[in-house]
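Could you walk me through this model, one helix at a time? Let us take it step by step, with the structure open beside the text.

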Amino acid sequence: MYLMLLQILSILLNILWWIIIVQAVMSWLIAFNVINTHNDFVGQLWYVLERITEPLYRPFRRIMPDFGGLDLTPMVVLILIIILQGPVISYLYTLGMNSGAI
C-alpha cells in the first residue's frame with residue numbers, strides 16, 4: 001500500500017511537471033502572438049492551465065523579487081518537483097522498506 005501511494009505521488013508530480021511545461025511554452029506562444037487567446041480552444045486551454053498552476057505559483061510570487069516581464073516562478077516550482085521526485089521520494093521509499101511498511 002505504501003509503495004503504491006509513493007508511485008501515485010510520483011505520477012502526479014510527473015503530470016504536474018508536464019502541465020507547467022505546457023503552460024510555460026503556451027505563454028511564450030501567446031506573448032509572441034503565435035497563438036491567440038481569442039480562439040475558443042486556446043482560450044479554454046489557457047484558462048484551465050492558469051487555474052491549475054496559479055495556486056502553486058502564488059506563494060512563491062509573494063516572496064520572489066519582481067523581474068519585470070520575466071517570471072521565474074515556474075522554474076522554481078519545477079526545481080521543487082525535481083527535489084520531491086528525487087531525494088524525497090527515494091528517502092520515503094527506503095524509510096518504508098526499513099520500517100516494513102511495504
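What follows is a short tour through the helices, a loop and a pocket.

Keep in mind from the outset that this is a predicted model. A good place to begin is helix H2, which covers residues 40–63. Does its length fit what a helix should give? Put more exactly, what should the 24 residues of H2 span at 1.5 Å a residue? The expected value is 34 Å, and because the end C-alpha atoms are 34 Å apart, the two agree. Along the way, though, H2 bends by about 45° at Glu54, and the proline Pro55 follows within four residues.

Now look at the start of H2, where a side-chain oxygen of Asn39 comes to within 2.9 Å of the backbone nitrogen of Phe41. Further along, Val42, Leu49, Thr53 and Tyr57 are buried in H2. And what do the buried residues of H2 pack against? Their partners are helix H1 (2–31) and H3. Val48 is also part of helix H2, but its relative accessibility is 42%, so it counts as partly exposed, falling between the 20% and 50% cut-offs. If you would like a distance to check in your viewer, try Val48 and Gly68: they are 20 residues apart in sequence, and their C-alpha atoms are 25 Å apart in space.

Next comes Thr73, which belongs to helix H3 (residues 73–99). Is Thr73 buried or exposed? With a relative accessible area of 2%, Thr73 lies under the 20% cut-off and is therefore buried. Leaving aside residues up to four places away in sequence, Thr73 touches Tyr57, Phe60, Arg61 and Met64. One of these, Tyr57, is among the buried residues of H2.

The loop between H1 and H2 holds Asn33. Its phi is near 60°, a positive value in a residue other than glycine. Asn33 has a relative accessibility of 61%, over the 50% cut-off, so it counts as exposed.

Finally, turn to the empty space. Rolling a probe the size of a water molecule over the atoms reveals where such space is left. The largest pocket has a volume of about 370 Å³. Its lining consists of 17 residues, and those nearest its centre are Ala24, Ser27, Trp28, Asp71 and Pro74. Which helix gives the most to the lining of the largest pocket? That is H1, with eight residues, while H1, H2 and H3 each supply at least two.

Notes
Residues are numbered from 1 along each chain as its sequence is written. This is a predicted model: local features need pLDDT of at least 70, side-chain atom pairs count only at pLDDT 80 or more; totals for chains, interfaces and linings use all residues. Side-chain values use heavy atoms; hydrogens and water are left out. Buried means under 20% relative accessible area, exposed over 50%, partly exposed in between (1.4 Å probe, protein chains only). Contact means heavy atoms within 4.5 Å. The expected span of a helix is 1.5 Å times one less than its number of residues. The bend at a residue is the angle between axes fitted to the seven residues ending there and the seven starting there. A polar contact is a pair of N or O atoms within 3.5 Å; within protein, one must be able to donate a hydrogen and the other to accept it, and residues adjacent in sequence count only if both atoms are side-chain atoms. On a 1 Å grid over the protein atoms alone, a cavity is a set of points where a 1.4 Å probe fits but cannot get out, and a pocket is an open set with protein on both sides within 12 Å along at least five of seven lines; lining residues have an atom within 4 Å of a point. Grid points are joined across faces, edges and corners, and a volume is the space filled by probe spheres set on the points.
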